[in-house]
Amino acid sequence: MNRITLFFWAIFVQIFILNNIQLSGYINPYYYLIFILYTSSKNSKASILLSSFFIGFIIDIFSNSYGLHAFASVLTAYLKIIWTMKITKNKDSEESIEIENFSISEFLIFSLYFITIHHFTLFFLERFNFSEILSVLGVTVTSTTFTLFLFFIHKLSTSKRI
């Protein structure tokens, strides 16, 4: 799936399917994050951050969330850039790290890390109160689990090797 197709597919799934599913308020899957994780590390840092901002901003518009998704998306993209730079520096190679080349276990670990950061940031900013930290952690764990399941299905359906 190319980058533009994934951009629009992720937005479509998020806005028209996942935003309309009410799962008791404790499960809020954010599939659009797949676009940020699948963005190639060969792209410029500015284009990665800008495209992450745009996908978050579009989700904000349809979710009435006033920039929360844009912020969490840019933070996730920024941390992914730092992670990629650190990994490629440690490998002493010029090859880029691409998520579509990961095995299932590598993909799940990588995704779990960034989904958790994104979701915690999003839910903490949404509530913005330290007295709500247990609620934030609960929603983060359940939403991360469900989002990771959706990513797993995506990986299985698009993977050339398993």
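1. Start with the loop between α3 and α4, since Tyr66 lies there. In this predicted model, Tyr66 has a positive phi of about 55 degrees, even though it is not a glycine. Worth a look in your viewer, because most residues other than glycine have a negative phi. Tyr66 is also exposed, at a relative accessible area of 78%.

2. Asn64 is in that loop too, between α3 (45–63) and α4 (68–91). Its phi is near 50 degrees, again a positive value in a residue other than glycine. Is Asn64 buried or exposed? Exposed: its relative accessible area is 59%, and the cut-off for that label is over 50%.

3. Next, Asp60, which sits in helix α3. Asp60 is buried, yet it has no salt bridge. How far away is the nearest side chain of opposite charge? That side chain is Arg127, and it is 14 Å away. A salt bridge here needs a side-chain nitrogen of Lys or Arg within 4 Å of a carboxyl oxygen, so Arg127 at 14 Å doesn't qualify.

4. What does the Asp60 side chain have for polar company? One of its polar atoms lies 3.3 Å from the backbone nitrogen of Gly67. Leaving aside neighbours within four places in sequence, Asp60 is in contact with Ser65, Tyr66, Gly67, Leu68, His69 and Ala70. So the Tyr66 of point 1, with its positive phi and its 78% relative accessible area, is one of the residues that buried Asp60 touches.

5. On to Thr121, which you'll find in helix α5 (residues 104–127). Thr121 counts as buried because its relative accessibility is 13%, and the cut-off is under 20%. Which residues does Thr121 touch, once neighbours within four places in sequence are left aside? Phe71, Ala72 and Leu75.

6. Last, internal space. How many cavities of 30 Å³ or more does a search of the whole structure find? Just 1. The largest cavity holds about 40 Å³ of space. Its lining is made up of Leu37, Thr39, Lys80, Trp83, Thr84, Ile97, Glu98, Ile99 and Phe110. Helix α4 gives the most to that lining, with 3 residues. If you want to inspect the walls on screen, the lining includes charged residues, Lys80 and Glu98, as well as the aromatic Trp83 and Phe110.

Notes:
Residues are numbered from 1 along each chain as its sequence is written. This is a predicted model: local features need pLDDT of at least 70, side-chain atom pairs count only at pLDDT 80 or more; totals for chains, interfaces and linings use all residues. Side-chain values use heavy atoms; hydrogens and water are left out. Helices (H or I, at least four residues) and strands (E, at least two) are DSSP runs, numbered from the N terminus. Buried means under 20% relative accessible area, exposed over 50%, partly exposed in between (1.4 Å probe, protein chains only). A polar contact is a pair of N or O atoms within 3.5 Å; within protein, one must be able to donate a hydrogen and the other to accept it, and residues adjacent in sequence count only if both atoms are side-chain atoms. Contact means heavy atoms within 4.5 Å. On a 1 Å grid over the protein atoms alone, a cavity is a set of points where a 1.4 Å probe fits but cannot get out, and a pocket is an open set with protein on both sides within 12 Å along at least five of seven lines; lining residues have an atom within 4 Å of a point. Grid points are joined across faces, edges and corners, and a volume is the space filled by probe spheres set on the points.
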